[in-house]
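Visitor: I am new to reading structures. Could you show me how the words people use follow from the values?

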Amino acid sequence: MSGRGEDLVARLERVMNPGLARVYRFMGLTQVEATGRGATVIDAEGVEYLDCTSGYGVMNQGYLHPRIVAAAREQLERMAMSSRVMLQEAPIALAEYLAQITPGDLTYSFFVNSGAEAVETALKLARAATGRVRWVSTTGAFHGKTLGALSVSGRPLYQDPFRPLLADVVQVPYGNLAALEAVLDERVAAVIVEPIQGEGGVVVPPDDYLPGIRRACDRVGALFIADEVQTGIGRTGYLFAVEAAGVVPDLLCLAKALGGGVVPIGAVVGRPQAWRMFDEHPLLHTSTFGGNPLAARVALEALRVTVEEGLAERARQLGGWFLPALAQVGARYPDLVAAVRGRGLMVGVEFRTPGVAAAVMTELFARRILVVYTLNNERVIRVMPPLVVAKADLERVVACFDEALSAVAAWAADLEEGDPGADG
Ligand SMILES: Cc1ncc(COP(=O)(O)O)c(C=O)c1O
């Protein structure tokens with residue numbers, strides 16, 4: 001444990017989050033990050049780590065992509081924030097590009113600063129467009145932690161302390177079309193789902209799920225909100241994960257990698273019929289920082305980089321090799337590994353217990369590989385490297401995964417004994 005790290009944990013404890021400080025101490029995790037390049041994070045002592053978390057899905061284009069940094073510099077020196085009185089080109093150019101690259105007639109964009117805020121906006125747009133008040137969401141879902149987004153999320157641990165949440169949210173099991181159809185009627189404003197559940201444990205639904213939701217929504221006049229905050233911007237081997245299913249949602253939520261790992265920005269992109277909220281009252285929903293010139297210019301460059309460098313195709317190709325390679329290793333440790341699943345470079349490894357997941361994370365960290373468990377399921381660690389990662393780095397991950405499992409296998413029985421069990 002470095003002295004600098006210990007000092008930072010003590011300061012964090014005094015002025016930010018004492019409970020989190022205890023977690024850092026318990027994990028002995030006090031390395032201080034200094035910078036990053038591509039898929040690599042470098043700590044204050046110059047030690048390099050391969051980042052297989054992408055900062056929770058933010059770094060699809062890699063750390064400090066030169067084109068994205070140059071765009072940020074250029075805009076920063078010209079005009080970072082806006083008077084908000086005069087016209088600004090940057091957000092309009094970003095909305096134009098989003099209209100061009102998103103599927104179908106997704107046309108209009110509203111810009112915010114985070115994933116949760118994108119979800120909040122989509123929920124309000126759906127109410128205003130339909131005049132209805134009920135939302136349908138799925139168990140295990142993660143849509144953010146503001147009150148509205150939390151209301152449609154699917155984990156009691158994060159919800160119960162804040163009840164009552166929004167009334168009239170109906171939750172159904174993820175991936176089960178019949179269960180969803182059974183609760184869909186003319187009272188429903190919108191169905192909100194992730195095309196692949198990220199924090200729920202990288203859960204891939206059956207192939208007919210998203211097309212089925214689209215049909216079911218059309219039948220009762222409800223809107224379909226696709227939360228692509230984590231799956232979007234090339235992660236799953238498509239620019240947007242709904243494309244794999246050939247589905248056009250009414251509202252598409254984006255954030256995380258939309259900012260190119262350089263700025264925070266989120267967006268809701270909508271079809272014309274979902275955009276009624278702004279028809280009568282253009283200021284019914286607003287955000288001071290939303291679509292500011294700096295964030296908008298950087299996001300446009302991040303999207304261009306993603307498209308022009310073919311990062312979605314790269315995720316598909318690398319993932320097509322990487323996922324089966326990890327699964328092959330996992331299959332040799334059936335007492336530890338329950339499943340390896342995902343799409344593109346959105347990969348989840350499900351372990352038999354949260355204790356095994358934590359032990360494997362520690363072993364990988366010792367081998368300078370960063371992974372982290374999913375927020376709604378501690379038995380699953382996500383392996384989500386930046387899409388610019390080199391194949392040789394992924395080969396190292398596979399080899400280290402094998403070493404880590406073999407080390408954990410030696411003491412897994414002891415770990416499981418005192419384990420409280422999974423609650424995800
Ligand atoms: C699918 C999904 N939606 C929404 C969010 C919330 O995003 P934020 O943390 O930027 O509010 C997340 C964050 O992990 C997410 O994965």
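**From values to words**

Guide: Gladly! Keep in mind that this is a predicted model. Let us begin with the shell around the ligand, which has three nonpolar, five polar and four charged residues.

Visitor: What makes residues part of the surroundings of the ligand?

Guide: A residue is near the ligand if one of its heavy atoms lies within 4 Å of it. Among the residues that surround the ligand are Ser114, Phe142, His143, Glu194 and Lys256.

Visitor: Why is the pair between the ligand and Asp227 called a polar contact?

Guide: A polar contact needs N or O atoms within 3.5 Å. A nitrogen atom of the ligand lies 2.7 Å from an N or O atom in the Asp227 side chain, so the pair fits the definition. The backbone takes part too: an oxygen atom of the ligand is 2.8 Å from a polar backbone atom of Gly115, and for a polar backbone atom of Ala116 the distance is 2.8 Å.

Visitor: How much of the ligand does the protein cover?

Guide: On its own the ligand has 400 Å² of accessible area, and the protein covers 83% of that.

Visitor: Why does the radius of gyration agree with a compact globule?

Guide: For 424 residues, a compact globule would have a radius near 22 Å; the protein has 21 Å, so the two agree.

Visitor: What share of the residues is called buried?

Guide: Buried means under 20% relative accessible area, and 55% of the 424 residues are buried.

Note on methods. Residues numbered from 1 in each chain as written. Predicted model: local features only at pLDDT ≥ 70, side-chain atom pairs only at ≥ 80, totals over all residues. Heavy atoms only, no water. Polar contact = N/O pair within 3.5 Å; in protein donor to acceptor, adjacent residues only side chain to side chain. Areas by Shrake-Rupley, 256 points an atom, 1.4 Å probe, with all protein chains shown as cover. Nonpolar A, V, L, I, M, F, W, Y, C, P; charged D, E, K, R; others polar. Rg over C-alpha atoms; globule rule 2.2 N^0.38 Å. Buried < 20%, exposed > 50% of the residue type's maximum accessible area, 1.4 Å probe, protein only.
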